[in-house]
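Here is a short note for a colleague who is new to reading structures. Please keep the sequence and the 3D view open while working through the points.

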Amino acid sequence: MLKRTHNCGQLRLDDAGKKVTLAGWVHSYRDHGNLVFFDLRDREGLTQLVFNPESQPQAHKLARTVRHEWVIAAQGVVQHRGQGLENPKLATGQIEVAVEKLQILNTSKTPPFELDDAEKTGEELRLTSRYIDLRRPQMQEKIRTRHRVAKVVRDYFDRMGFWEIETPMLAKSTPEGARDFLVPSRLHKNGFYALPQSPQLFKQILMVSGVDKYFQIVRCFRDEDPRADRQAEFTQIDVEASFVDVDDIIAINEKMVAEVWKKILDVDVKVPIRRISYKEAMADYGTDRPDLRFDMKLRDISDIAKECTFKVFTSVIEKGGVVKGLCTANGDKYSRSDIERTLTEFVADYGAKGLAWFKTKKENDKFTLAGTIAKFFTPEQLQQIIERFGVKDGDLLLLVADNEKAANKALAPLRCRLAKEQNLYDENSFEFVWVVDFPLFEWNEDANRYDSLHHPFTAPVPADVAKIETDPANICSMAYDIVVNGSEIGGGSIRIHDTALQQKIFDLLRISKSQAKQQFGFFLKALEYGAPPHGGIAFGLDRIIMLLTGTDNIRDVIAFPKTQRGQCLLTDAPSEVDTKQLEELNLRTQRHSHAVEQKTNE
């Protein structure tokens, strides 16, 4: 085999006259009758090859038999393409290789889709033939970015004195908010391992063990329905440190984020990154992962609306609900039909029962509000609404009346939709924010009890510990999330390291001592042996790569992803297994049980 000397993105005009050998896939083929041209591709780029029948008749003859995606090696001399023949779209566009020797290393069937037209190909076909899909330069750039990010992260935490330590893939099943993937044990009848939803308990045990600073780029598993930015198996950048507080964890990790964005995109992330409270995020943006690339804050007008005569508003407020909305420019862009059909249907998908509206006009230096509900408000009340929203001429006000949680759930995505439709932000910009001061608990109406907003090992703010028995709804946690462009890329907290406090939290969550021992006994025992104050964070690596590469599909940044239904179309997993394997594991499927029963009856 001809030995490769350069890759297909490497040669330049300065290399003219050199004898080189390239190897790769035939990306395109052009037979001009006399000269034959290939674009040869590897992961680094494209180089044009030219075959001349007069100078190299044997190589030219062989070249005419080659087809797309065949694997070849070619040896020849680098030469300038000639004036006016350069391709400015290619880094190698000024040169070509005049081939003297050609070797066909492998042939290829006709691919199921053209690489250049893959975006028009259904995702199912691309996932089934992922080895073809991954040849595309766009996909290889995403995989390359993933590699580069992992290296930046590892180098950064190494400089900061963190050790990368692997935690078990086969562990005990503990409740972490989603279903576990269970793995049966052959040696321990009726026993199961669980694939980790996160290394949470192990990394805390590492702190008890005196490791001091830990990180890991780790595979995690959650048996839940996939979506565009979620997979059943995903990758975390997991971090934990001892003798730290909230400020320490935030400072360490925002510098890591800044370094990633600088080295990958050459984007400067200003640190320290802005912080806002959970309460502020929910009040102004309706979500704890706000997109701050544009303004358009939500405003609550319940105090004004309760005095109006519009019964839809007043009845909601009497039941403890709110009237809340947003103000957007370019109101003339939206007709009454657009508002009452398109936008109303949009918020209905998020549970809203309706969408009220006003349009603003400026007449004689005064603003007025017009709309189907304007007649239910006095001029004074309308003026208060104008001042509350700070309206401008031509603005559109959109309002939802419901309980606060439902109103936020509808208005937050509406805010983002309107901003996108009106091009209110630069698609290539990044706005980071830390959301802090989360509630420690949230009320579970179905179960009539409190649940942990994050997990039961999250520490409360010390000043709020006294509220555990008297006012749990108003306890603040030492938790923090980092959000960019409306996407949460990481979250963590300072942990509870005191066993007495941990027990109080369990009591409030109605986790009995026997349940705690069964589920977390090994961890609680570790806390009894001098656990230091500690805390950490976990970043979603897949989401970070999505943001860095400008895709909204998580499957684009994972080499071998699952579909929305959790299937691997490449390998046809999950699939049935041999009956003997099931018997070795003391398992029986419904189909297996039916077959055994039928055989017994016979």
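The points below cover two sheets, one helix, and some of the enclosed and open spaces.

1. The status of the model comes first. This is a predicted model, and every value in this note is to be read with that in mind.

2. Begin with the eight-stranded sheet. Its strands lie in the order β6-β9-β10-β22-β21-β20-β17-β11, the sheet is open, and the pairing is mixed. The edge positions belong to β6 (163–164) and β11 (275–277); each has a single partner strand, so one side of each has no neighbour in the sheet.

3. One pair within that order can be followed in detail. Strand β9 covers residues 213–221 and strand β10 covers residues 233–242; the two run antiparallel and are joined by nine bridges. To find the register by eye, look for Tyr-214, which stands opposite Glu-240 in β10.

4. Another open sheet has five strands, in the order β12-β13-β16-β14-β15, and here the pairing is antiparallel. Why do β12 (299–300) and β15 each have one side without a neighbour in the sheet? Both stand at the edges with a single partner strand, so there is nothing in the sheet on the other side.

5. Strand β14 has partners on both sides in the order given, β16 and β15. With β16 (residues 396–402), β14 (residues 356–363) runs antiparallel, and four bridges join the two. Ala-356 has Leu-399 as its bridge partner in β16, while Trp-357 stands opposite Leu-398.

6. The pairing of β14 with β15 (residues 366–370) is also in the antiparallel sense, over five bridges. Within it, Thr-360 stands opposite Leu-369. These two strands form a hairpin with two residues between them, and Asn-364 takes a positive phi near 55° there.

7. Which helix should be checked for its length? Helix α6 spans residues 246–265, which is 20 residues. From its first C-alpha to its last it reaches 28 Å, close to the 28 Å expected at 1.5 Å a residue.

8. Both ends of α6 have a feature to look at. At the N-terminal end, Asp-245 acts as a cap, with a side-chain oxygen 3.2 Å from the backbone nitrogen of Asp-247. After the helix comes Asp-266, whose phi is positive, near 60°.

9. Now turn to enclosed space. How many cavities of 30 Å³ or more are there? The count is two. The second largest cavity has a volume of about 40 Å³. Its lining consists of Leu-127, Arg-130, Phe-560, Pro-561, Cys-568, Leu-569 and Leu-570. By class, that makes six nonpolar residues, no polar ones and one charged.

10. The second largest pocket holds about 680 Å³ of space. It is lined by 24 residues, and those closest to its centre are Phe-181, Ala-573, Pro-574, Ser-575 and Glu-576. Three elements, β7 (182–184), α16 (579–584) and α17 (590–601), each supply at least two residues of this lining. Sorted by class, the lining of the pocket has eleven nonpolar, five polar and eight charged residues. For contrast, the lining of the second largest cavity has no polar residues and one charged residue.

Terms used. Residues numbered from 1 in each chain as written. Predicted model: local features only at pLDDT ≥ 70, side-chain atom pairs only at ≥ 80, totals over all residues. Heavy atoms only, no water. 1 Å grid on protein atoms, 1.4 Å probe; cavity = no way out; pocket = protein on both sides within 12 Å on 5 of 7 lines; lining within 4 Å. Points joined across faces, edges and corners; volume = space filled by probe spheres on them. Nonpolar A, V, L, I, M, F, W, Y, C, P; charged D, E, K, R; others polar. Expected span 1.5 Å × (residues − 1). Polar contact = N/O pair within 3.5 Å; in protein donor to acceptor, adjacent residues only side chain to side chain. Pairing = 2+ DSSP bridges.
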